[in-house]
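User: Please take a close look at the cysteines in this structure and at the part of the fold around them. I would like one connected explanation.

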Amino acid sequence: MMNNSYVNRSIKCTVNNCSHNNETEHYCSLESIKIGTHESNPTVCQCTDCQSFELKQGCGCK
C-alpha cells in the first residue's frame with residue numbers, strides 16, 4: 001500500500017481511485033506528477049491525463 005498520508009498542497013486531487021490520493025484532504029501525496037495526453041493534437045481539457053495515476057488496490061475497479 002502506498003503512503004498517501006503526505007499532502008502536497010500544490011496538487012489538488014479528487015480521484016479517490018488513485019493510490020496517491022489523500023482522501024481526507026483531497027490532495028496528491030506525490031512530490032510531483034506527470035501530465036500528458038492521449039491525443040496527437042489536444043484541444044479540450046478531457047484530452048489531458050495524469051500519467052502518475054496508479055490504481056488503488058482493493059478499490060473494486062477494473
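Analyst:
**Cysteines and the sheet**

In this predicted model, the cysteine sulfur closest to that of C45 belongs to C47, and the 8.8 Å between the two is too far for a bond. A disulfide is counted when two cysteine sulfur atoms lie within 2.5 Å, so C45 and C47 do not qualify at 8.8 Å. C45 has a relative accessibility of 68% and counts as exposed, because the cut-off for that class is over 50%.

Searching the whole structure gives 0 disulfides. C28 is likewise in no disulfide: its nearest cysteine sulfur, in C13, is 5.9 Å away. C28 has a relative accessible area of 6% and is therefore buried, as the limit for buried is under 20%.

C28 also has a place in the sheet, as the bridge partner of N8 in β3. Strand β3 covers residues 27-28 and pairs with β1 in the antiparallel sense, over 2 bridges. In general, strands of a sheet pair through backbone hydrogen bonds. The sheet is open and has 3 strands, in the order β1-β3-β2, with antiparallel pairing. Its edge strands are β1 (8-12) and β2 (21-22), each of which pairs on one side only.

Elsewhere, there is a nonpolar patch on the surface. V15, F53 and L55 make this patch, which is about 250 Å². F53 lies in the segment that follows β5 (48-50). With 40% relative accessibility, F53 is classed as partly exposed.

Methods:
Residues are numbered from 1 along each chain as its sequence is written. This is a predicted model: local features need pLDDT of at least 70, side-chain atom pairs count only at pLDDT 80 or more; totals for chains, interfaces and linings use all residues. Side-chain values use heavy atoms; hydrogens and water are left out. Two strands pair if DSSP finds at least two bridges between them. Helices (H or I, at least four residues) and strands (E, at least two) are DSSP runs, numbered from the N terminus. Patches are made of residues with over 30% relative accessible area and no salt bridge: like charges are joined within 9 Å, nonpolar side chains (Val, Leu, Ile, Met, Phe, Trp, Tyr) within 5 Å. Accessible areas come from the Shrake-Rupley method with a 1.4 Å probe; for residues, only the protein chains shown count as cover. A salt bridge is a side-chain nitrogen of Lys or Arg within 4 Å of a carboxyl oxygen of Asp or Glu. Buried means under 20% relative accessible area, exposed over 50%, partly exposed in between (1.4 Å probe, protein chains only).
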